[in-house]
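Hello,

Here is the structure I promised to pass on. Please open it first, then read the notes below.

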Amino acid sequence: VSNEFYELFLDKRYMFYSCADFLEADDTIEDAQQRKADYILNLIDPKPGEKILELGCGWGPMLQRIYEHTGDKENLCGITLSKEQAKYNQQHRQFNVEFDNFITRQYPTETYDAIYSIGAWEHVRQNEIPPLLAKLYAALRPGGRLVQHFFGRFAEPLVAGAAASQIYFPASSVASFRVHRDAHQQAGFRIKHCSLHDYRPTLRAWYDNLNANRQRALELVDVKTFNRYMTFFPASWRYFEDASGVVMRWVLEKEA
């Protein structure tokens, strides 16, 4: 679907398509996504001149937040599997964004000071995690950091949740907290931070926004596509409500 369709329900400033940080009852999606951006900015701790790579960069919202903080656009780069997102970055933000698969991609050795992903690691299947982490570990400079924001599960998924995930993300396989923890440590990373966050308020905000823009949405997509999104948000909300899924944020450091 088009970039304009996503603009109907995502936050207006950044266009984050990932879990926000709602803290107050009257928080808007803009408030919550700004808070999330600032939180992750502190985890990445970027400095001017550092080479920083984002895996699955979307429309470039976090690249934008880092640029606002450091004033350094030259050393920021991102990877996306969406041609529309790559085009959006070229037209609106002018970040160095490549159209590529970050899982199968080969990375130069000891090149990056920080690598991060926001809402993209979920699409890495369990058997792909160890080899990808090995590549990322090698790509970081000594003392470099890997920052991850993604959702996983604590327990075995409910049958309904597992079936629904295949409708929206065919061939996806969300790994458990333990699998991620063990894989990062086995790759050589030292865990510096791990926190858990709630996706439900974000999903509700997206649902409400898209519902409020129903007329325009149906001018952009057919009824089937519109209905897919209107069922995706509450189905995902239930996944987290049943405690099957949890959003995790990690900071992982390569030994200096």
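**Starting point: Q34**

Q34 is buried, because its relative accessible area is 19% and buried means under 20%. Please keep in mind that this is a predicted model. Q34 sits in helix α2. Leaving aside residues up to four places away in sequence, Q34 touches R13, Y14 and R65.

**The α2 and α3 pair**

Next, look at the helix that holds Q34. Helix α2 covers residues 29–44, and helix α3 covers residues 61–70. Their axes come within 10 Å and cross at roughly 65°. That makes α2 roughly perpendicular to α3, because angles of 65 to 115 degrees count as such. The crossing of these two helices is right-handed.

Which residues make the contact? From α2 come Q34, A37, D38, I40, L41 and I44. From α3 come M62, R65, I66 and H69. Sorted by class, the contact has six nonpolar, two polar and two charged residues. Q34 belongs to this contact, and R65 of α3 is one of the residues that Q34 touches.

**The sheet**

Now turn to the strands. Seven of them form an open sheet. Their order is β3-β2-β1-β4-β5-β7-β6, and the pairing is mixed. Which strands lie at the edges? They are β3 (96–99) and β6 (190–197), and each pairs on one side only. From one strand to the next, the twist averages 15°.

One pair is worth a look. Strand β1 spans residues 52–55, and strand β2 spans residues 76–80. They pair in the parallel sense, over four bridges. To find one of the bridges on screen, select E54: its bridge partner in β2 is G78.

**Helix α5 on the sheet**

Helix α5 (residues 129–139) packs on the sheet. The strands that α5 touches are β1, β4 (112–118) and β5 (140–153). The direction of α5 makes about 145° with that of β5.

Which residues of α5 are buried? They are I129, L132, L133, K135, L136, Y137 and A139. What do these buried residues pack against? Their partners are β1, β4, β5 and helix α7 (177–186). So that you can follow this on screen, select α5 together with those elements.

Best wishes

Note on methods
Residues numbered from 1 in each chain as written. Predicted model: local features only at pLDDT ≥ 70, side-chain atom pairs only at ≥ 80, totals over all residues. Heavy atoms only, no water. Pairing = 2+ DSSP bridges. Axes fitted to C-alpha atoms, helices over the stretch in contact; angles between N-to-C directions. Contact = heavy atoms within 4.5 Å. Parallel < 35°, antiparallel > 145°, perpendicular 65-115°, else oblique. Left-handed = near helix turned anticlockwise from the far one by under 90°. Nonpolar A, V, L, I, M, F, W, Y, C, P; charged D, E, K, R; others polar. Buried < 20%, exposed > 50% of the residue type's maximum accessible area, 1.4 Å probe, protein only.
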